[in-house]
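Here's a quick tour of one structure for anyone who likes to think in contacts and coordination. Have the viewer ready.

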Amino acid sequence: MAVIEIPSGEIHKTYETYLSVMGQLTQLQADRGTVLINLGGGVVCDLGGFAAATYKRGIRYINVPTTLLAMADAATGGKTGIDFLNYKNLIGAFHQPLGTFIYADFLETLPTEHLLSGLGEIIKTCLIANANLFSQLSTDLLNDISRLAFLAERAAEFKHTIVEQDPTEQNVRQIFNFGHTFGHCFESFFLSSGQPITHGHAVAMGMLCETMLSVRYLGLSKNTCDQINNLILKYFSPIAVQSQHFETLWQIMQHDKKNSHQEVHCVLLKAIGAPKYNQIIDKDAVFSAFQYYQSLSKAPL
Ligand SMILES: NC(=O)c1ccc[n+]([C@@H]2O[C@H](COP(=O)([O-])OP(=O)(O)OC[C@H]3O[C@@H](n4cnc5c(N)ncnc54)[C@H](O)[C@@H]3O)[C@@H](O)[C@H]2O)c1
Ligand SMILES: [Zn+2]
């Protein structure tokens with residue numbers, strides 16, 4: 001067995017790193033019988049998966065995720081890729097791994113910030129999956145690594161069953177975007193204001209807004225909305241956004257390729273475990289969600 005190492009971090013999820021992996025596979029004379037094992041976080045799974053998807057028109061690969069986010073989400077589902085020209089995942093392919101193996105012990109060394117990031121995606125998956133899974137989310141998970149790994153495994157299993165029905169995200173797989181319309185917008189906004197936040201944190205903040213909109217658009221009960229948002233707020237503090245930035249946030253949302261003029265598409269919840277994708281939300285509603293978010297973050301007006 002040979003080892004290929006790549007430098008750590010999203011800034012290395014690039015064409016250059018990808019080419020270096022392809023060069024090493026070539027030097028090692030990897031062939032169609034080779035199996036690539038991606039040992040690392042979401043960056044390694046995405047980039048390694050893309051190398052496997054494209055080397056000699058596709059070789060097999062296995063994911064061994066070492067971050068909570070990759071265990072719960074990125075290592076399952078076969079979306080592979082790299083960033084290009086400042087666009088995330090612009091170059092990529094669908095290529096399913098042979099399997100994903102989750103070992104809780106890796107989480108022992110993972111910084112809290114990254115545990116929380118993974119927890120954001122776990123909360124998302126529990127909310128779209130079913131009430132039973134959601135009820136297993138207690139408020140002391142950060143001190144319980146094996147419980148976190150257990151929940152990540154359940155999240156990955158649920159994702160796998162949906163990906164089998166819709167591998168290329170034509171329809172039902174879109175439910176995994178719950179929290180992401182607002183989440184991506186917060187992620188880009190804070191990145192461009194020099195205060196980058198983790199993806200899972202951004203998704204958690206996005207879920208606060210999209211849960212509130214679920215009450216308005218799909219009749220999610222107010223009690224359930226409070227129950228969801230109280231749990232999110234136990235783990236994540238909403239980062240303050242001032243009203244003067246609402247228009248900028250709206251512009252960022254409009255740039256998302258899924259959205260057209262004066263409206264955006266979201267996944268909303270009719271109930272826990274009953275997500276509806278392709279919900280059309282107008283600008284008024286988006287601004288009221290920002291106001292609601294602002295009240296939670298107690299930002300200056
Ligand atoms: N393909 C998908 O479906 C999918 C889904 C979600 C996210 N993603 C991608 O995943 C990436 C984010 O993944 P991530 O959050 O795992 O980030 P990451 O891979 O950058 O890992 C975060 C940091 O933790 C370090 N690390 C990894 N394992 C560790 C361990 N056990 N102990 C200590 N440190 C460790 C890494 O070196 C890195 O510095 C993004 O590029 C995102 O686009 C892909
Ligand atoms: Zn995500």
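What follows covers a metal site, a helix pair and a small sheet.

Keep in mind that this is a predicted model.

Let's start with the metal. The zinc ion (ligand 2) is held by Glu121 through OE and by His180 and His199 through NE2, at 1.9 to 2.1 Å. Along the sequence, the donor residues follow the spacing E-x58-H-x18-H. The two histidines tie together distant parts of the chain, with His180 in helix H7 (residues 180-192) and His199 in helix H8 (residues 199-218), 19 residues apart. His180 has 7% relative accessibility, so it counts as buried, the cut-off being under 20%.

Next, the helix pair. Helix H4 (residues 112-129) and helix H9 (residues 222-235) have axes that come within 11 Å and cross at roughly 170 degrees. An angle over 145 degrees counts as roughly antiparallel, so that is how H4 runs relative to H9. In H4, Leu116, Leu119, Ile123 and Leu127 meet Ile228, Leu231, Ile232 and Tyr235 of H9. Sorted by class, this contact looks as follows:

| Class in the H4 and H9 contact | Residues |
|---|---|
| Nonpolar | eight residues |
| Polar | no residues |
| Charged | no residues |

Finally, the sheet. It is open, with three strands in the order E1-E2-E5 and parallel pairing. E1 (35-40) and E5 (99-100) are the edge strands; each has a single partner, so one side of each lacks a neighbour in the sheet. Six bridges join E1 to strand E2 (residues 60-65) in the parallel sense, and Gly40 sits opposite Pro65 in E2. Helix H2 (residues 42-54) packs on the sheet and touches E1 and E2, its direction making about 165 degrees with that of E1.

Notes. Residues numbered from 1 in each chain as written. Chains lettered and ligands numbered in written order. Predicted model: local features only at pLDDT ≥ 70, side-chain atom pairs only at ≥ 80, totals over all residues. Heavy atoms only, no water. Axes fitted to C-alpha atoms, helices over the stretch in contact; angles between N-to-C directions. Helix = DSSP H or I, 4+ residues; strand = E, 2+ residues; numbered from the N terminus. Parallel < 35°, antiparallel > 145°, perpendicular 65-115°, else oblique. Contact = heavy atoms within 4.5 Å. Nonpolar A, V, L, I, M, F, W, Y, C, P; charged D, E, K, R; others polar. Donors = N, O, S within 2.8 Å, 3.2 Å for Na, K, Ca; no water. Buried < 20%, exposed > 50% of the residue type's maximum accessible area, 1.4 Å probe, protein only. Pairing = 2+ DSSP bridges.
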